[in-house]
Amino acid sequence: MRDYDAEVKAMRAVQPFAPGSYDIDRFGEWAESMWFSHGDVPDAMNERDLAIMGLGIAGEAGEVVEKIKKDIRDGTVDKPAILKELGDVVFYAVTIARYYGFKPSDILGACYEKLVGRRARGTLHGSGDNR
């Protein structure tokens, strides 16, 4: 039987970053190591893992949407819960990126370039991937 308490304690002891000064690429390495890992050696991610990651990000994004719905409908917002759910979305996005060989900073760079290009072309609003 796995000793999850000991594993969590060990993870916190070697946290790859200090709160308030997170390095997104180091977080990506850590997130990949968390993916069904055994000790210090993570299993190689495969297509089944990709499917789980894809379903996971969809589910977590749905939970964020639920929090937003309750905020709009009821006028109450649970910011700590939204923060946690957004963290789950980021975790899945980072592990999917790592599966495809990207660093998390590659995601940020691609997003930045896409949005700057859209703004320059006046196409921030609208639909379609290549606007």
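**Close-up views of a five-helix predicted model**

**View 1. The meeting of helix H2 with helix H5.** Helix H2, residues 24–34, and helix H5, residues 104–121, have axes that come within 7 Å and cross at roughly 130 degrees. Angles over 145 degrees would count as roughly antiparallel and those from 65 to 115 as roughly perpendicular, so H2 is described as oblique to H5. On the H2 side the residues are Ile 24, Asp 25 and Gly 28, and they meet Pro 104, Ser 105 and Leu 108 of H5. Sorted by class, the residues of this contact are three nonpolar, two polar and one charged. As in every view here, the model is a predicted one.

**View 2. The whole protein, as a setting for the other views.** The protein has five helices and zero strands, and its pattern, followed along the sequence, reads α-α-α-α-α. Of its 131 residues, 21% are buried. Among the contacts with a separation of 6 or more, 56% join residues that stand 24 or more positions apart. The accessible surface comes to about 9700 Å², and carbon and sulfur atoms hold 59% of that surface.

**View 3. The crossing of helix H2 with helix H4.** Two packed helices are described by the angle between their axes and by the distance between those axes. For H2 and H4 the axes come within 9 Å and cross at roughly 90 degrees, and the two helices are therefore roughly perpendicular to each other. From H2 the contact takes in Phe 27, Gly 28, Glu 29, Ala 31, Glu 32 and Met 34, which meet Val 90, Phe 91, Val 94, Thr 95 and Arg 98 of H4. By class, six of the residues in this contact are nonpolar, two are polar and three are charged. Gly 28 of H2 can be found in this view and also in the contact of H2 with H5.

**View 4. Helices H3 and H4 side by side.** The axes of H3 and H4 come within 9 Å and cross at roughly 155 degrees; because angles over 145 degrees count as roughly antiparallel, the two helices are described as roughly antiparallel to each other. Their crossing is left-handed. The residues of H3 that make the contact include Leu 50, Ile 52, Met 53, Ile 57, Ala 61, Val 64 and Lys 67, while those of H4 include Ala 81, Ile 82, Leu 86, Val 89, Tyr 92, Ile 96 and Tyr 99. Taken by class, the contact of H3 with H4 has 14 nonpolar, three polar and six charged residues.

**View 5. Thr 76 and Asp 78 in the loop between H3 and H4.** The loop shown here lies between helix H3 (47–74) and helix H4 (79–99), and Asp 78 has its place in it, as does Thr 76. Buried residues have under 20% relative accessible area and exposed ones over 50%, so Thr 76, with a relative accessible area of 48%, is partly exposed, and Asp 78, at 42%, likewise counts as partly exposed. When neighbours within four places in sequence are left aside, Thr 76 is in contact with Lys 70 and Asp 71. Asp 78 and Lys 67 are eleven residues apart in sequence, and their C-alpha atoms are 7.2 Å apart in space. Lys 67 is also one of the H3 residues that make the contact with H4.

Key:
Residues numbered from 1 in each chain as written. Predicted model: local features only at pLDDT ≥ 70, side-chain atom pairs only at ≥ 80, totals over all residues. Heavy atoms only, no water. Helix = DSSP H or I, 4+ residues; strand = E, 2+ residues; numbered from the N terminus. Buried < 20%, exposed > 50% of the residue type's maximum accessible area, 1.4 Å probe, protein only. Axes fitted to C-alpha atoms, helices over the stretch in contact; angles between N-to-C directions. Parallel < 35°, antiparallel > 145°, perpendicular 65-115°, else oblique. Left-handed = near helix turned anticlockwise from the far one by under 90°. Contact = heavy atoms within 4.5 Å. Nonpolar A, V, L, I, M, F, W, Y, C, P; charged D, E, K, R; others polar. Areas by Shrake-Rupley, 256 points an atom, 1.4 Å probe, with all protein chains shown as cover.
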